[in-house]
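Student: I should like a close look at a single part of this model, namely the pairing of its charged side chains. Please set the matter out in one connected account.

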Amino acid sequence: MKRSLALGLCVSLLAMPVMATEKDTLKARQDQLSNELEESKKAQAETDAELEITEAERDAVKTEIHVVDDRLNELSEQIAIQQHEVDTARAELESTRQQLSVQEEYLESQKELVNERLRVLQVHEDTSYLQVIFESRSFGDFVTRAMTARTIAEQDRELIHNYMSEMERLESLESTQRTQLSFIKQKERELVITKQDLDRTAEKKRDLLVELNEQVEQLELEKMTRSEEQAVMAEQNRIISEQLEAIATAEREAAEAAERAKREAEARAAEERAQAEAEARESEVEEAPEVTAPTETPTNVSTSTGFVRPVSGYVSSPFGPRDNPLTGVPEIHKGIDLVNASGTPIVSSAPGVVIKAAPATGYGNVVFVSHVINGEIWTTVYAHLNAITVGAGQQVAAGQTVGTLGNTGWSTGPHLHFELHRGKWAPGQPNAIDPASYIGY
């Protein structure tokens, strides 16, 4: 009986240091988690500020592009007008040149006649008034000759003058039109050069806008990812708090059991001493019935020592360096990809508590499970699920279905992306380890 009481007391007392060690581990993890959560919030605040600045720059560039586009539209209209004016001036110049050509051809064809007229005119100019009189047969003939000579001379002079005036006018018009056409074409060239400069400016602005859009998209993704990270860390913190509370409860119950066992042992010892004194002459001492002190196990702490395979299938991408299948950029693959048919059940690799069961950036539909194994925290991640069958805060057993295999998120085909973290899950997956040997691959 003494041996049984002592054994029960020892079990209770030994359980307390084990739980105390586990509690210290959990508290250390919780403190580290709280610090990293604060760092994540600070980083998110910086991201929010950078995002606000980048969005303002993007909006300013958009405004500048609108202004440049308006100016380009205006220049295009002006160039079209100038082009129309150039076409009109060119047509008028061509018409004038055709008229000149016609006049020149006409004058060329009338060259002999004009030369003859010039000679006659010259003769008439050199003929004296007396010669006209002497050649006249009568006064009437004289008058007729005089009138005829004057009329012919005047007509010849007018004809030649008109020809020369028209030629001068057309040549002057041609010169003016050539000058006007040159001026219009120069103005058109200046507008085209200005438009080309603006086109280059607009192209640079659009390239800058594309770059800023990419920055905004990246910052928004980072902001969303950090929000998801903080939600996961907050849920891990809550679960660790529950585990610490469970350990504290177990410690209290173990201490109370130990105290009860101690008191019972002392009472039994006193009773036995009294009986020994009263029955000193008896050769045998009757032993009392054995009583085993109860021991308690924390309700939220897993006692599993291993991991089961979350799904069968072949490994399409192991843990470690690889080229991202979507972008081709070199990266470190923080998990292992297991290929099977879409809809295949996915099971929890160990007993634990679900800390997230929802869509997440990149992961698609994903389940995070937190485990405590031999006082150490582990986290498993099941990503790209087609469907989720558990909820946050739910306790799951090893081999319990958490979802079905799928192709959601950043995925190139149906498979399970499985991650194993020695400790908590954190941004950048610094605690990720190769799960292959843990699940039998």
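Tutor: A residue is called buried under 20% relative accessible area, exposed over 50%, and partly exposed in between (1.4 Å probe, protein chains only). The model is predicted, so local features need pLDDT of at least 70 and side-chain atom pairs pLDDT 80 or more, whereas totals for chains, interfaces and linings use all residues. Residues are numbered from 1 along each chain as its sequence is written, and side-chain values use heavy atoms, without hydrogens or water.

The setting comes first. The chain contains four helices and 12 strands, where helices (H or I, at least four residues) and strands (E, at least two) are DSSP runs numbered from the N terminus. Of its 441 residues, 35% count as buried. Contacts (heavy atoms within 4.5 Å) can also be sorted by separation along the chain: among those between residues at least 6 apart in sequence, 73% join residues at least 24 apart.

Six salt bridges are present in the structure, each being a side-chain nitrogen of Lys or Arg within 4 Å of a carboxyl oxygen of Asp or Glu. One of them pairs R206 with D69, with an N to O distance of 2.6 Å. Because R206 belongs to helix α4 (residues 139–278) and D69 to helix α1 (residues 2–109), this bridge ties together parts that stand 137 residues apart in sequence. R206 has a relative accessibility of 35% and is therefore partly exposed.

Helix α4 also holds both partners of another bridge, R263 and E259, which are four residues apart, about one turn of the helix. Their side chains meet at 3.6 Å, N to O. E259 is partly exposed, its relative accessible area being 38%, and R263, with a relative accessibility of 46%, falls into the partly exposed class as well. A further acidic residue of helix α4 is E211, for which a relative accessibility of 42% gives the class partly exposed.

The account now turns to the strands. R322 and D337 form a salt bridge in which the closest N and O atoms are 3.6 Å apart. R322 is placed in strand β2 (residues 320–323) and D337 in strand β4 (residues 336–339), so this pair ties together parts separated by 15 residues in sequence. The two partners differ in burial: R322 is partly exposed, with a relative accessible area of 22%, whereas D337 counts as buried at 6% relative accessibility. Salt bridges with shared partners extend this pair into one network that joins R322, E331 and D337.

A residue without charge may be set beside these strand residues. A432 is located in strand β12 (residues 432–433) and counts as buried, since its relative accessibility is 14%. Apart from neighbours within four places in sequence, A432 is in contact with F319, K334, L420 and H421. For H421, the C-alpha to C-alpha distance to A432 is 4.3 Å, although the two residues are 11 apart in sequence.

In summary, the bridge of R206 and D69 links helix α4 with helix α1, the bridge partners R263 and E259 both lie in helix α4, and the pair R322 and D337 connects strand β2 with strand β4.
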